There are 2 protein chains.
Amino acid sequence: MIRVAVNGYGTIGRRVADAVLKQKDMELEGVTKVRGDYRARLAVEKGLPLYAADGRHVPEFAKAGIETKGTLNDLLKRVDVVVDATPDEIGRGNKPIYERAGVKAIFQGGEEHSLTNFSFVAQCNFEKAAGKNMVRVVSCNTTALCRTLHALNSGLGILKARVVLVRRAADPDETSKGPIDAIVPDPVTVPSHHGPDVQSVIEGLNITTMALKVPETHMHLHSVIASLKGQPTRDRVLDALAKEPRVLLVDANAGFKSTASIIDMAREMNRPRNDVYEAVVWKDSVSVADGEAYFFLAVHQEAIVTPENIDAIRAVSGGIGKEQSMRVTDASLGIA
Amino acid sequence: MIRVAVNGYGTIGRRVADAVLKQKDMELEGVTKVRGDYRARLAVEKGLPLYAADGRHVPEFAKAGIETKGTLNDLLKRVDVVVDATPDEIGRGNKPIYERAGVKAIFQGGEEHSLTNFSFVAQCNFEKAAGKNMVRVVSCNTTALCRTLHALNSGLGILKARVVLVRRAADPDETSKGPIDAIVPDPVTVPSHHGPDVQSVIEGLNITTMALKVPETHMHLHSVIASLKGQPTRDRVLDALAKEPRVLLVDANAGFKSTASIIDMAREMNRPRNDVYEAVVWKDSVSVADGEAYFFLAVHQEAIVTPENIDAIRAVSGGIGKEQSMRVTDASLGIA
């Protein structure tokens, strides 16, 4: 039994905590939070052991009448692995705390690659995480690109990938983020960090990325253009994508007109929090011309890294191989 | 004096009518409208001769107390050139009317290339319009791509262009169009029609385009990726863009953070209707790596074809060359 803590119960932490509860080889020892808000209350009502991220926050929980079991330091004494799901670059400050506590740690894509010198996407490099104490699960966008480009790179070979990432500007509950009516080159310089981030997982891949953000909350949408080796055909590209785990092919004729309809599908499927764990590719968009493949790729920014975190916990803990871990994770989350 | 009619007083027609009024070699004989709305009233108050697009609409104008001078057929008797600024594919039905009236006609990008077999962007093919009776000014997106790719193709030579067009879903006053919170691959298939449309102006250009629409009203934003001949450098690309007419280079550090700030600039400049006639390129985004140029390009969908329509009127009328026409047009509209 792998004893797990989730430090930070926000967008990613909540999802990872629920996913840990679904694993037969894991035990969720607790989650931490900073604020005694409705999420903290719901966590306690669900029976999750709640800890204050820091002793300074204990009074806020007490004031809100929410019971805490102690602080992060107390929680770390009870676990083998901590998933750091704190906001961007807060994880960096937590690393020495985990080292002192002697627990393995999984960080998120908001941290730099250099924090762990190992960036993780299950299907790309699960085995290489063996024996590591610290692993970084890459961001939502990088995860989706790694899955789909891994499919093309293994199946056909990529000469060069060019990707334009149209990013949702805010998650549905983030009411202070904009824009409301503008398209923002973000960053305005080329390339964006996503290309190098993909290379931290798929070493040596030739990729350039451009990114912008738009007034939307449901998913990111990538336009992928990949020059392939040999004589690629549409069928071979479709086949490589269809065979790749955690890549879902959808069809506009079946009603998938936009990112919003993909999220609506997840609601119809009763997925928790309407989560789409898969990288979603529009079958209709998959085209090949002059040795280049083109497709549209949708990414549920809140959910896609959930299975990666579960696999990363197993990868650093050892004892279970890639295929078995991914199979167990997928079965627990309802990924086909 | 070229006597001009503008058939259709919507997004494009209003702008072209105002621009015609600013030309010393043109006379605006009248504009047509279908509805007796506030725009019709304002046109009459500005002193524009207003005609009903069709006799059937006369009662509506009468009911609204708006004076009309007659119908389209009356107007066509008074002019040399008509600018057809009617909604997409309505122009096709108007073509025989213009032919019968013996007037030259300028159509918009909502019509097929085959309607006139000549698609126009001033700096690319002004001279070839000489002697033609019917010319099609291409769409806003195609116009912006033709200007910027013409710069790169003339200056350096394009091997292949790949463009992802992120389109504004609606103009500011279009309250019935969506989406509100979704990114829509549009079309979901690749390539979009924009590539072939650019080829209708720049023959033989190797270009593939992908398009999507987002909840925004201010401008379109293109991510342009162009493989160039020879040994391109960033300076050579910047230089080619800077020298190209009707291309404006802006700098994020000067406050141009998004499409909205470009429109805000036009408001500060007192441009009529905050119009941005230029194709706008972020200087910061211009990059060159491995023989490929990258840049972000913003397109004011309502305004960018205004100067093209004015030049197209001159091009089919004859007597004035490209450089002079563009210079006069630009001076009249405040284009630097």
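Biologist: Is the crossing of helix 7 of chain B and helix 9 of chain B left-handed or right-handed?
Modeller: The model is a predicted one. In it, residues 140–155 form helix 7 of chain B and residues 234–243 form helix 9 of chain B, and their axes come within 8 Å. The crossing of these two helices is right-handed.

Biologist: Are helix 7 and helix 9 of chain B parallel or oblique to each other?
Modeller: Their axes cross at roughly 125°. Because angles from 65 to 115 degrees count as roughly perpendicular and those over 145 as roughly antiparallel, helix 7 of chain B stands to helix 9 of chain B as oblique.

Biologist: How many nonpolar residues does the contact of helix 7 with helix 9 of chain B have?
Modeller: Helix 7 of chain B brings B:T148, B:A151, B:L152 and B:G155, which meet B:R236, B:V237, B:A240 and B:L241 of helix 9 of chain B. By class, 2 residues of this contact are polar and 1 is charged, while the number of nonpolar ones is 5.

Biologist: Which strand of chain A supplies the largest share of the side that touches chain B?
Modeller: Chain A and chain B put 35 residues each into the contact. In chain A, the elements that each supply at least two residues include strand 8 (158–168), strand 11 (220–228) and helix 10 (259–268). The largest share is 4 residues, and it comes from strand 10 of chain A.

Biologist: Which strands stand at the edges of the open sheet in chain A?
Modeller: The sheet has 7 strands, paired in parallel, in the order 3-2-1-4-5-7-6. An edge strand here has a single partner, so one side of it is left without a neighbour in the sheet. In chain A these are strand 3 (50–52) and strand 6 (119–120).

Biologist: What is the bridge partner of A:A5 in strand 2 of chain A?
Modeller: Strand 1 (residues 2–7) and strand 2 (residues 26–33) of chain A pair in the parallel sense over 6 bridges. Within strand 2 of chain A, A:A5 has as its bridge partner A:G30.

Biologist: At what angle does helix 11 of chain A run to strand 7 of chain A?
Modeller: Helix 11 (residues 306–317) of chain A packs on the sheet and touches several of its strands, among them strand 1, strand 5 (104–107) and strand 7 (134–137). The angle between the directions of helix 11 and strand 7 of chain A is about 160°.

Biologist: How many residues does domain 1 of chain A give to the contact with domain 2 of chain A?
Modeller: Domain 1 covers 2–138 + 305–333 of chain A, and domain 2 covers 140–299. Taken over C-alpha atoms, their centres are separated by 26 Å. Domain 2 of chain A gives 17 residues to the contact, and the number from domain 1 of chain A is 17.

Biologist: Which residue does a cis peptide bond join to A:D186?
Modeller: Most peptide bonds are trans. In chain A, the bond after A:D186 is cis, with omega about 0°. The residue joined there is placed in the loop between strand 9 and helix 8 (194–199) of chain A, and its name is A:P187.

Biologist: What is phi of A:E89, a residue other than glycine?
Modeller: Most residues other than glycine have a negative phi. A:E89 is found in the loop between strand 4 and helix 5 (90–101) of chain A. Its phi is a positive value, near 70°.

Methods
Residues are numbered from 1 along each chain as its sequence is written. Chains are lettered from A and ligands numbered from 1 in the order in which they are written. This is a predicted model: local features need pLDDT of at least 70, side-chain atom pairs count only at pLDDT 80 or more; totals for chains, interfaces and linings use all residues. Axes are lines fitted to C-alpha atoms, for helices over the stretch in contact, and angles run from 0 to 180 degrees between N-to-C directions. Angles under 35 degrees count as roughly parallel, over 145 as roughly antiparallel, 65 to 115 as roughly perpendicular and the rest as oblique. A crossing is left-handed if the near helix is turned anticlockwise from the far one by less than a right angle, and right-handed if clockwise. Two residues are in contact if their C-beta atoms, placed from the backbone, lie within 7 Å. Ala, Val, Leu, Ile, Met, Phe, Trp, Tyr, Cys and Pro count as nonpolar, Asp, Glu, Lys and Arg as charged, and the others, Gly among them, as polar. Two strands pair if DSSP finds at least two bridges between them. Domain bounds come from an automatic or database domain assignment.
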